[in-house]
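Reader: I would like a close look at one part of this model, namely the enclosed space inside it. Please take me through what surrounds that space, in a connected account.

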Amino acid sequence: MAHLAGCGSLLRPYWSALCFCPYVNVLRPSAVMVQTALRAQAKRHCLLTGCVVECGAGRRYNSTSSEAKHSGGDDLSVRYLDGEDSGIVVVGINRPKAKNAISKNLVKMMSETVENVRGNKSIRTVILCSLVPGIFCAGADLKERSKMHPSEVGPFVSKARALINEIGTLPVPTIAAIDGVALGGGLEMALACDIRIAASTAKMGLVETKLAIIPGAGGTQRLPRVIGMALAKELIFSGRTVDGVEAKSLGLVNHVVEQNEVGDAAYRRALDLAREFIPQGPIAVRMAKLAINRGIEVDLATGLAIEEACYAQVIPTKDRIEGLNAFKEKRPPRFKGE
């Protein structure tokens, strides 16, 4: 860190951060409706998890990557893409009976996943999505919470808040693919991501005031930073939800896409965007994210000093030399994160 000394005490609060771099459906459905829904869910699950199965009329669906490594459990699918998509991790929430509500087990599994991602230098981008059609995450698991003793509620909310904060501080780009309902903690989770992509049919909102509580996992802080204080107050005070089109107009999401038959349009757009990120210098992308995230919270002079410190981190890297050589030789660079 000797090259940071010139920044003096101005950057001391940020040095530890810089050091991370080693360079409710009530209608009774008909049989046809059930069959159609199951077929769509199977097709969607295959596209997101990479499996190949028969889905009615002999149709087969599989992912775009030839191979992928899987981990996680019943509530969470963690897929490490391979081939040309190597470096992309797809984290899919899968609690269909609970509308992907945030439970104790889900918090535990996601916390473990975030920790693994943070320590894996080969990961370039994370996509957070849902394997359940029409749902991103409905917020806290209120059925589970209703069974908690009052003394348990505070610690659980603290763990959920810590998880979402950890997502927000991941060193690599994170993309939330919102293909369905994202309410309360579900939207707070998406707000912690760097980029949000929503289907036009998605529904988003911080609805906690309807339950006589407030957003407790960063919503009161991140939403104003994304869309501005006045609009954030309006949405939180009213508990109102917005669709993907309105969310785009408010600046809540980066992109809005028309939903497709499978129900994974936002995920597909997120994957396309992730593919734009992975060819870039991984250390440079990490440092750019750090400079933006830290700099936006301080005055301009301090922000510029943070940028200078982050730039200093990329100067001694092999990737920087590779970028110069590739430009000189008129060929695509081959960055290794070194």
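Author: In this predicted model, a good place to begin is the second largest cavity, whose lining divides into seven nonpolar, two polar and two charged residues. The space in this second largest cavity comes to about 60 Å³, and the residues that line it are Ile 123, Arg 124, Thr 125, Val 172, Pro 173, Phe 277, Ile 278, Gln 280, Pro 282, Val 285 and Arg 286. Helix H11, which covers residues 282-295, gives the most to this lining, with three residues.

The largest cavity holds about 100 Å³ of space, and its lining has nine nonpolar and two polar residues but no charged ones. Its walls are formed by Val 91, Met 110, Thr 113, Val 114, Val 117, Val 126, Leu 128, Ile 167, Leu 170, Thr 174 and Cys 193, and the elements that give two or more residues to them are helix H3 (104-118) and strand E6 (125-130). Of these elements, H3 supplies the largest share of the lining, four residues.

The loop between strand E5 (88-93) and H3 contains Asn 100, a residue other than glycine whose phi is nevertheless positive, near 60°. Most residues other than glycine have a negative phi. Asn 100 is buried, because its relative accessible area of 0% falls under the 20% cut-off.

Methods: Residues are numbered from 1 along each chain as its sequence is written. This is a predicted model: local features need pLDDT of at least 70, side-chain atom pairs count only at pLDDT 80 or more; totals for chains, interfaces and linings use all residues. Side-chain values use heavy atoms; hydrogens and water are left out. On a 1 Å grid over the protein atoms alone, a cavity is a set of points where a 1.4 Å probe fits but cannot get out, and a pocket is an open set with protein on both sides within 12 Å along at least five of seven lines; lining residues have an atom within 4 Å of a point. Grid points are joined across faces, edges and corners, and a volume is the space filled by probe spheres set on the points. Ala, Val, Leu, Ile, Met, Phe, Trp, Tyr, Cys and Pro count as nonpolar, Asp, Glu, Lys and Arg as charged, and the others, Gly among them, as polar. Buried means under 20% relative accessible area, exposed over 50%, partly exposed in between (1.4 Å probe, protein chains only).
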